[in-house]
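Please open the model in your viewer and keep the selection panel at hand, since this tour moves from one selection to the next.

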Protein chains: 4
Amino acid sequence: MEYGMYFLEQVTPYEAISRRMEKVLASGRTRFQDYFIFETQAFGKVLVLDKDVQSAERDEYIYHETLVHPAMLSHPAPESVFIVGGGEGATLREVLRHPSVKRAVMCDIDDQLVEMARELLPEWHQGAFDDPRAQVITEDARAWLETHPDTYDVIIVDLNDPIGEDNPARMLFTVEFYELIKRRLNPGGVMAMQAGMILLTHHRVHPVIHRTVREVFRYTRSYRNYIPEFFLNFGFILASDGVDPVAFSEGILETRIRERNLSLRHLTAPFIEAMLVLPKDLQDAIQAEQMVSTDALPMYFTDEGEARQAPYRPE
Amino acid sequence: MEYGMYFLEQVTPYEAISRRMEKVLASGRTRFQDYFIFETQAFGKVLVLDKDVQSAERDEYIYHETLVHPAMLSHPAPESVFIVGGGEGATLREVLRHPSVKRAVMCDIDDQLVEMARELLPEWHQGAFDDPRAQVITEDARAWLETHPDTYDVIIVDLNDPIGEDNPARMLFTVEFYELIKRRLNPGGVMAMQAGMILLTHHRVHPVIHRTVREVFRYTRSYRNYIPEFFLNFGFILASDGVDPVAFSEGILETRIRERNLSLRHLTAPFIEAMLVLPKDLQDAIQAEQMVSTDALPMYFTDEGEARQAPYRPE
Amino acid sequence: MEYGMYFLEQVTPYEAISRRMEKVLASGRTRFQDYFIFETQAFGKVLVLDKDVQSAERDEYIYHETLVHPAMLSHPAPESVFIVGGGEGATLREVLRHPSVKRAVMCDIDDQLVEMARELLPEWHQGAFDDPRAQVITEDARAWLETHPDTYDVIIVDLNDPIGEDNPARMLFTVEFYELIKRRLNPGGVMAMQAGMILLTHHRVHPVIHRTVREVFRYTRSYRNYIPEFFLNFGFILASDGVDPVAFSEGILETRIRERNLSLRHLTAPFIEAMLVLPKDLQDAIQAEQMVSTDALPMYFTDEGEARQAPYRPE
Amino acid sequence: MEYGMYFLEQVTPYEAISRRMEKVLASGRTRFQDYFIFETQAFGKVLVLDKDVQSAERDEYIYHETLVHPAMLSHPAPESVFIVGGGEGATLREVLRHPSVKRAVMCDIDDQLVEMARELLPEWHQGAFDDPRAQVITEDARAWLETHPDTYDVIIVDLNDPIGEDNPARMLFTVEFYELIKRRLNPGGVMAMQAGMILLTHHRVHPVIHRTVREVFRYTRSYRNYIPEFFLNFGFILASDGVDPVAFSEGILETRIRERNLSLRHLTAPFIEAMLVLPKDLQDAIQAEQMVSTDALPMYFTDEGEARQAPYRPE
């Protein structure tokens, strides 16, 4: 490490990553979180929220293609999409690439983050916020879904892992929240979500989420991908009552990619299939998992990676 | 980061990982390299050679299963196996789990490393060095193969990436070396190798290796896996003149795993298939790659990740 | 920072020092504290206790000469000396260099630390533990002084700063403790102590100690020196009812150094005088300080450097 | 170390300091050097040039009082002052506090740095640049002094240590440069300079500078002070042909401070005297030093702290 500016991120309490910052573009605090935006040599612009690297210019396409397209391709012609979180606008951008989409609602609680992204992160949203099909709401997503009975073909949950007992996202990882999502899905609708880092110390994060989602949906399928900007594997989940994502033949995915004219950079139909095949140790961990996160006892993870359940009491 | 002891590893010139060391078990220098062995909370015992984390107690099985079994399962009944490198003995251990193996020769230039591993890393070799089928040679693997005309069913190359112009491993990543390996393979024989980290900055490491191997073998197949102890994806290659690894039906792999009574922790037959499916960006990079590493102009990578070719002149 | 092993020490919550460890000689935990001993390029062997670098082979002479000799030279012929703390034996070593000393009692609560120092830190004690004039006691120094009515010509307090509410050393920085020390001093006796780091964030540490000592002794004189191994200035205090250390002429110090045949490496008579001259900002801070640490409300410092008073309740 | 932004500074090749940056105010590159300005909790605004922390808002007064006032107070009524370097304007500010000053010329080669300081570092210059007595020149100081025959009562050299063979400041630490300065001093004139960090590894920096200055001036007096923002002791030198700074009685300094109405925060007359008293190890090192830096063989220091002499060949 040469002299200069670095961003320190604790991956676990024992391992930390230092990233060289060539230039700090912004740093500050919204009502909800700290944010940092800086330039790096290898990853371009990097966005950090609170303790976690969120996204990097050069490889955000990997995360966002992985989160969005498997769900969108599971549906024959998604017209309406709801996004929980996703403040920087890239999830919205990928959703809007599917020509059948008529309405995409993005709901992120942090209005100041959305405002900042609009101005400072054009590489992420690429104008998506201004697409006439897009609707950006800055409220609590759960409250909004509860009070708005509209239903959707696809709902995408783009949230950080609930690390820390005081993490407000804990109430967005419970059986009751997934039931609400299910009520807001049209018949044949699909939910996709970021479903936790997969790491030795935090090896229960994804299994607990999977186990909880499985309480609610008929089909719950895990997949995983390596996200370079995080130096980590992350789990994702596709869930639906109407359609089983792993039952697709590659041919259907292939055809839909072609028909929708999606020029993907990371995904292919065979690679989507491959992501759905989990290694044995992860399969075993999912099978062995018993914890179900509920509103009464929402789960969280300690910094050390232990899974816990306790009532959520905001300060 | 709390007060205490850390090991600093530079992943790129811009990103570094600090790992908390609970206890330092050994540190020193062999004739060839620095070594460090320490205890960590999350990964157990960790072995570092020179600048790179090499292996960790808790997840070395992922790396070693990934390196060894796809090749061993590609062969109907491998009897003789040669290992280039692999000083800590875990590659040898995995090879010996295949009951058809009658002779496994491991050749690592660093005798002091092998001696230290024998004593301090029992979790890795688990007695493999003392298996009557094992033969441990501490010489330069290329020189040994050149002067010993024995042939093998499987040859496994377990080396670090050639980062740095003065890296002596450079001469073990050339067309001429792969031709030598091919001459030492029995008909139907298979080579497997660790084939480079896959990283934004170092995105050409795997493609250059792939391109070079492809000069020599009829079938050259890349696969990749995430190695938690490295926080990175790594590429691997299967190469053969007699057998195409991706042409297998899952059924054959499944059967061989069962018949050989292999209780694998990370791999399954479908997961081996899935590892062989690459994402589009990596496929494109492999396709676009032109550099072929030769004895006259062996490739190396700069710390910044640039691919270069230049004569190797040991100091 | 090159790849390798480092020790991380937080100087304040905002500034941290990383020291390269060439070799780790020992690490572990006594009943009272973590310890680390390692080799460094610039400072030789380094001893760390809990969060703080304690002493380094190449410059421990600066700290120990600074702590010991001003007090010893203030006394015309010190025969009996008591040391509070000082487990690694170098304070004892410096005390024993004064030929008038007939008895030197060192009392450090941590028997395992003393045992380890005896074996692993010969550069510090240099055999002092085996001097027939030395008596090593491994008990709580305050309890021992309370129950043993022997009196001394010089008492040296060699403790770490009371950082942290749970710091057991807090009860060794109170008016009552200094009164006990005074009762154990012979007429004309002198107390010397390490009296706190002097740092922007922790600028009240030394003033509070000074203010507390001044409650008890007729003459309380601060001096300071830079301790390279800490990268910090530290305060020290000389206190006595019988003798005013700043009233000495240089001539007396000079004469005593010569008569006692002390070959000092860092101190000279004029430099001792100079250390007693404080810069204006520190003088002002001492003058302004109001806090007096008592058994009922012993002071401590937060990690951020704030001075607080609260009852001490060991866990 | 909590998550967040840090500045990494290598103090030696073995020890590094990380400082938490609350906010990055500016970073970039002038034609001569990298610069960074950031907010910290403990030190306020911090200025870094290239690899070295230069100055911090909360304690720059210590460095600048130490550099400027001993020289200014050595002169009965300094009217003209020349400053070599000192781009951020605080040295100039302190000089201008002496009411006898009629002309203060500051010459710093880095015009972009001066421009940036004027705008972003008002806490340093406090308007000094706009004082009618001040003249700011942005040229090479040595070239300017050579071509401008004006003479001064005090010349202050405020430069970084010549670490690195390619360091352009090397030619400002030679006998010939000090001879030039001497020719530009009025009778009774005094030179003051920052004269090198004092550190185990770099223990010859100050002695070599002292030895070189002593070739030129009749009186060469070293003093030292601890600069909190650097976590280091630094050496300073007063040199003159007409006046011996250590021969002053405290009374004279005291009187001049009072007459000039200087409200100093760190210095007092006795403390100035005390700074001139060096510890024995440093005195010995100065006495033993043989190296004299010349234009033909200007000295420099390696990163490891070794003193070397070699011709300076700018790239």
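How many residues of chain C are in contact with chain D, and how many of chain D with chain C? Bearing in mind that this is a predicted model, select both chains and look along their boundary, where 42 residues of chain C are in contact with 42 residues of chain D. Together the two chains bury about 3,600 Å² between them, and 64% of that area lies on carbon and sulfur atoms. Across this interface the rule finds zero salt bridges, while 18 residue pairs, both at pLDDT 80 or more, are in polar contact.

Next, select the side of chain C that touches chain D, where the elements giving two or more residues include β1 (4-10), β2 (15-21), α1 (60-74) and α10 (280-288) of chain C. Here β2(C) gives the most, with six residues, and by class this side of chain C has 24 nonpolar, nine polar and nine charged residues.

Now show β2(C) together with strand β2 (residues 15-21) of chain D: the two run antiparallel and are joined by five bridges. Within this pairing, pick out C:E15, which stands opposite D:R19 in β2(D).

Finally, turn to chain D alone, where seven strands form an open sheet of mixed pairing in the order β9-β8-β7-β10-β11-β13-β12. Its edge strands, each pairing on one side only, are β9 (134-137) and β12 (219-227) of chain D, and the twist from one strand to the next averages 15°. Inside the sheet, select β11 (residues 185-198) and β13 (residues 232-240) of chain D, which pair in the antiparallel sense over seven bridges, and end at D:Q194, which stands opposite D:F236 in β13(D).

Key: Residues numbered from 1 in each chain as written. Chains lettered and ligands numbered in written order. Predicted model: local features only at pLDDT ≥ 70, side-chain atom pairs only at ≥ 80, totals over all residues. Heavy atoms only, no water. Contact = heavy atoms within 4.5 Å. Buried area = accessible area lost by both parts, 1.4 Å probe. Salt bridge = Lys/Arg side-chain N within 4 Å of Asp/Glu carboxyl O. Polar contact = N/O pair within 3.5 Å; in protein donor to acceptor, adjacent residues only side chain to side chain. Helix = DSSP H or I, 4+ residues; strand = E, 2+ residues; numbered from the N terminus. Nonpolar A, V, L, I, M, F, W, Y, C, P; charged D, E, K, R; others polar. Pairing = 2+ DSSP bridges. Axes fitted to C-alpha atoms, helices over the stretch in contact; angles between N-to-C directions.
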